[in-house]
Amino acid sequence: MENAEKKIVRIIVTGGTAERRLAVQEAANEYLSRGYTIFMVPNSMEELERAGVTPEALRSPAAFVSACLDLQLANEYVFFRAAAMAEEDRILIICDGGTMDSTALLSSEERLKLLEQLGVSLTSLRDGGDAVFFVGSPAAQDGLCILDAWAGHPHLRIIDAEGPGAARERLIAETDSVIGEPEPLEIERRFLIDYPDMDWLASQSGCAAVEIEQAYLSDPDGEDVRLRKRGAEGGYIYYETIKRGEGATRSEVERRISEAEYTARIREAGSGVRWIRKTRYCLVYQGQYLEIDVYPFWNDQAVVEAELLREDAEVALPPEIRVREEITGNPEYSNYALSRPDESR
């Protein structure tokens with residue numbers, strides 16, 4: 001976002017080809033009718049394949065993925081810069097597929113090896129968009145591979161609704177949540193659970209571990225002001241989040257910041273900073289995106305969160321996750337309450 005008045009939101013729509021194309025068009029039509037300027041980033045895999053550049057032609061899936069990444073990143077850069085220079089103040093960039101789609105052709109080990117060769121961090125590649133919407137059945141083989149590639153993104157949502165009408169409504173509702181219409185809300189339910197079986201977690205397809213460091217700053221207005229460092233494999237992205245309200249539904253305004261701003265804000269806050277560190281395991285289960293937070297000061301329990309569209313939505317948890325109690329809205333288990341002043345980092 002270039003200034004306080006201008007809003008640029010970038011979402012990635014991925015999943016099955018037919019469902020994805022319909023979802024992209026539905027989202028574009030809806031937000032055009034609301035007065036948004038829409039920029040459509042084409043699908044790099046399909047562009048290359050139409051031009052005759054295929055894994056078979058290159059005789060290497062890794063070479064094809066590398067070409068896809070070059071084109072996808074170039075396209076996204078061009079469209080984002082165009083949005084930044086446009087006179088309109090409400091712009092929605094819709095990516096028809098995204099950076100991680102082509103990497104689904106590789107195993108996790110092959111993906112990390114290729115990114116290391118390209119000098120690109122997994123976090124910067126995966127987490128560039130404001131949200132990722134997977135449209136289609138996560139049970140399909142291609143769906144499993146794509147979800148595995150995107151697992152770990154902070155705002156991954158699975159739209160597995162029956163029929164185009166239901167899928168459209170879910171897509172629009174999820175996009176509204178990201179855009180902040182009518183206001184930016186976070187609806188989540190949280191559960192205190194037994195410490196998870198790490199071997200079981202590691203064996204789950206579509207599970208990704210993310211390192212998180214959060215700094216809570218004192219605020220005279222009583223708002224929850226949080227700075228977050230989030231990433232894995234040595235690559236990190238930084239955010240400022242302001243939350244207001246209590247309970248399952250809270251107003252949330254989040255923006256991406258630079259590492260330099262993150263460091264400067266913490267330095268300016270001085271001794272007023274409270275810290276918490278955790279490892280978050282992002283897990284896809286029965287069409288839901290679960291986040292399991294493991295804290296270094298607990299060895300017998302952890303917290304699982306699920307972001308929802310409605311407070312009364314059901315949450316499905318794997319039988320391997322044993323719930324002790326629901327702690328939604330319980331201030332005793334908020335991250336702020338669990339944080340510590342001047343924690344050694």
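**Notes on a predicted model**

1. Let's start with confidence. The mean pLDDT of the protein is 90, and 93% of its residues reach 70 or more. Keep in mind that this is a predicted model. Confidence varies along the chain: among the elements, strand β10 (residues 249-257) has the lowest mean pLDDT, 77, while strand β14 (residues 323-326) has the highest, 98.

2. Now the overall build. If you count up the secondary structure, you get 11 helices and 15 strands. The radius of gyration is 20 Å, close to the 20 Å that the globule rule gives for 345 residues, so the protein is as compact as a globular protein of that length. Along the principal axes, the C-alpha atoms fill a box of roughly 55 × 50 × 40 Å.

3. What about inside and outside? Of the 345 residues, 50% count as buried. The protein exposes about 16,200 Å², and carbon and sulfur atoms supply 48% of that area. Take the contacts between residues at least 6 apart in sequence: 70% of them join residues at least 24 apart.

4. Have a look at helix α7, which covers residues 141-150. Which of its residues are buried? They are Gly143, Ile146, Leu147, Ala149 and Trp150. Seen down the axis of α7, these buried residues fall within an arc of 155°, so they line one face of the helix. After α7 comes Gly152, with a positive phi near 115°.

5. Helix α10 (residues 259-269) makes a good companion case, with Tyr262, Arg265 and Ile266 as its buried residues. Why can we say that they line one face of the helix? Seen down the axis of α10, they fall within an arc of 95°, so one face is what they line. On the face turned away from that buried side you'll find the exposed residues Ala260, Arg267 and Glu268. Just after α10, Gly270 takes a positive phi of about 60°.

6. On to the aromatic rings. The structure holds 7 aromatic pairs. In one of them, the rings of Tyr31 and Tyr36 have their centres 5.7 Å apart and their planes at 90°, so this pair is edge-to-face. Both partners, Tyr31 and Tyr36, are buried.

7. Tyr295 and Phe297 pair up in another way: their rings are stacked, 5.3 Å centre to centre with 25° between the planes. Are the two partners buried or partly exposed? Tyr295 has 1% relative accessibility, so it counts as buried. Phe297 has 34%, so it counts as partly exposed. Ring pairs also link Tyr295 and Phe297 with Trp298 and Tyr333 into a cluster.

8. Last, two backbone spots to check by eye. Glu233 isn't a glycine, yet it has a positive phi of about 55°. You'll find Glu233 in the loop between β8 (224-232) and β9 (235-244). Its relative accessibility is 59%, so Glu233 counts as exposed.

9. The second spot is Gln286, again not a glycine, with a positive phi of about 45°. Where does Gln286 lie? Look in the loop between β11 (274-285) and β12 (288-294). With a relative accessible area of 58%, Gln286 is exposed, because exposed means over 50%.

Methods. Residues numbered from 1 in each chain as written. Predicted model: local features only at pLDDT ≥ 70, side-chain atom pairs only at ≥ 80, totals over all residues. Heavy atoms only, no water. Buried < 20%, exposed > 50% of the residue type's maximum accessible area, 1.4 Å probe, protein only. Helix = DSSP H or I, 4+ residues; strand = E, 2+ residues; numbered from the N terminus. Arc of directions from axis to C-beta. pLDDT = per-residue confidence, 0-100. Rg over C-alpha atoms; globule rule 2.2 N^0.38 Å. Contact = heavy atoms within 4.5 Å. Areas by Shrake-Rupley, 256 points an atom, 1.4 Å probe, with all protein chains shown as cover. Phe/Tyr/Trp six-rings, centres within 6.5 Å; stacked < 30°, edge-to-face > 60°.
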